[in-house]
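Trainee: I have a structure open in front of me. How do I start reading a feature in it?

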Amino acid sequence: TMVAISPPTQGPSGLKAAQLSAVTNMLALSNVDADDNNKSGGGSTYGHQQQRDANPWKLLIYDTHTRSIISPLLSVSQLRSNGVTLHLLLNSDREPIPDVPAVYFVQPTQENLSIIARDCSRNLYERAHLHFSTRIERPVMEEFARLVVNTGGLSSVASVHDQFVDFICLENNLFSLNVPQSYCVYNNPGATERDMELAMGNIATGLFSVVATLGCVPVIRCPRGGAPEMVARKLCKLIAEHPTLIRSKDGLHKSHNRPVLVIMDRNMDLITPVQHASTYQALVDDVLDHKANRVEFNVKQDANATAGRGRAPPVVRKKLDIDPDIDPFYSQHKFNPFPEAIESNGAELQEVSAREQQIRSKTGGASAPAAV
């Protein structure tokens, strides 16, 4: 499920910037009170946050779901600049590093909580700062607390936070709830009422994370009946239950600045998902391995390098990150027909070559008298 939004005017910031701010605050291990945390997109906080750590270095532990949230926001070098020396999957084999704090950023599932409790009982890290991508239900929280106490790992838990950032922001005004097979689930004729309630609840929870991160309540519109109205009602209930999470920034709470959230059934427009447009962005997504703003493709090496050796030219796997909010060429031409994008690329290459030749001629002209 991907959604394009038109948030209220916030200058250079937007949904992606707000989510990035929430994640970087999470990694900072700073002494942030609940109000400041909510304003930056964060959610509820349980326990008392420790004083700012003297050691800025930390570990980041995530699951596959939260890794997909972080990937479009922070590169490996940016994680390192935020003090993350090592980032590991929660369910991987991890060695003890008892003198370094760890930031856990995971979904609040029973499996994940069991692994965290086991880590705390083993004193795997100096302290554990627990951040959940969405709200952890009270019964689950109480069961986790009992598990940590019974296994003797309570002293390792420094803080517990609900972050409410359970969505993937691919562009500043484009996000995905990352719900695989969602269309098949709610159009399955064999789906039970409980299955539908669970599926619509997950979508509403993801949309609430977007609302909480933006910091303002949208005007919600949907057709009557069916899945859209069910999601809209669940979202309204979540907003009513968590009024303190919706914090205004620069007057965003004013009614004339509220964004509009339109919830529609995918069946209203079945043609668009199966269209194969010839635009630059669409062909990149159709032809190449494109996921979470990362493109992967195979490149054959020069055949002359292996000539006479009786071997086929080697194939190298290339990986490129494409950020539409940073890459000016991609941002400008992503909706243009592919031939126009290629033509513009050729024109830019000619311009760069001309500038390079101009610089070389000036350098040669300056050095000519010295040579004489």
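**Cavities, pocket, helices and sheet**

Mentor: Start with a small feature. The lining of the second largest cavity has, by class, 5 nonpolar, 1 polar and 2 charged residues. Keep in mind that this is a predicted model.

Trainee: Which residues line the second largest cavity?

Mentor: Its lining consists of Y104, D119, C120, L124, Y125, R127, A128 and S156. The volume of this second largest cavity is about 40 Å³.

Trainee: How many cavities of 30 Å³ or more does the structure hold?

Mentor: There are 2 of them. Now turn to a pocket. The second largest pocket has a volume of about 960 Å³.

Trainee: Which residues are closest to the centre of the second largest pocket?

Mentor: They are L198, G201, N202, I203 and T205, out of 32 lining residues. By class, the lining of this pocket divides into 15 nonpolar, 10 polar and 7 charged residues.

Trainee: Which helices each supply at least two residues of that lining?

Mentor: Look at α7 (182-186), α8 and α9 (226-241). The largest share, 10 residues, comes from α8.

Trainee: Let us stay with α8. How do I describe two packed helices?

Mentor: Two packed helices are described by the angle between their axes and by the distance between those axes. Take helix α1 (residues 15-28) and helix α8 (residues 193-214): their axes come within 9 Å and cross at roughly 85 degrees. Angles of 65 to 115 degrees count as roughly perpendicular, so α1 and α8 are roughly perpendicular to each other.

Trainee: Which residues make the contact between α1 and α8?

Mentor: From α1 come L15, A18 and Q19, and from α8 come V210, T213 and L214. This contact has 4 nonpolar, 2 polar and no charged residues.

Trainee: Next, strands. How do they form a sheet?

Mentor: Strands of a sheet pair through backbone hydrogen bonds, and the pairing is either parallel or antiparallel. Here, an open sheet has 3 strands in the order β12-β13-β14, with antiparallel pairing.

Trainee: Why is one side of β12 and of β14 left without a neighbour in the sheet?

Mentor: β12 (289-291) and β14 (315-321) stand at the edges, and each has a single partner strand, so one side of each has no neighbour in the sheet. On average, neighbouring strands of this sheet are turned by 20 degrees against each other, direction ignored.

Trainee: How many bridges join β13 to β14?

Mentor: Strand β13 (residues 294-300) is joined to β14 by 7 bridges, and the two run antiparallel. For one example, find N298: its bridge partner in β14 is R317.

Methods:
Residues are numbered from 1 along each chain as its sequence is written. This is a predicted model: local features need pLDDT of at least 70, side-chain atom pairs count only at pLDDT 80 or more; totals for chains, interfaces and linings use all residues. Side-chain values use heavy atoms; hydrogens and water are left out. Two strands pair if DSSP finds at least two bridges between them. Helices (H or I, at least four residues) and strands (E, at least two) are DSSP runs, numbered from the N terminus. Axes are lines fitted to C-alpha atoms, for helices over the stretch in contact, and angles run from 0 to 180 degrees between N-to-C directions. Angles under 35 degrees count as roughly parallel, over 145 as roughly antiparallel, 65 to 115 as roughly perpendicular and the rest as oblique. Contact means heavy atoms within 4.5 Å. Ala, Val, Leu, Ile, Met, Phe, Trp, Tyr, Cys and Pro count as nonpolar, Asp, Glu, Lys and Arg as charged, and the others, Gly among them, as polar. On a 1 Å grid over the protein atoms alone, a cavity is a set of points where a 1.4 Å probe fits but cannot get out, and a pocket is an open set with protein on both sides within 12 Å along at least five of seven lines; lining residues have an atom within 4 Å of a point. Grid points are joined across faces, edges and corners, and a volume is the space filled by probe spheres set on the points.
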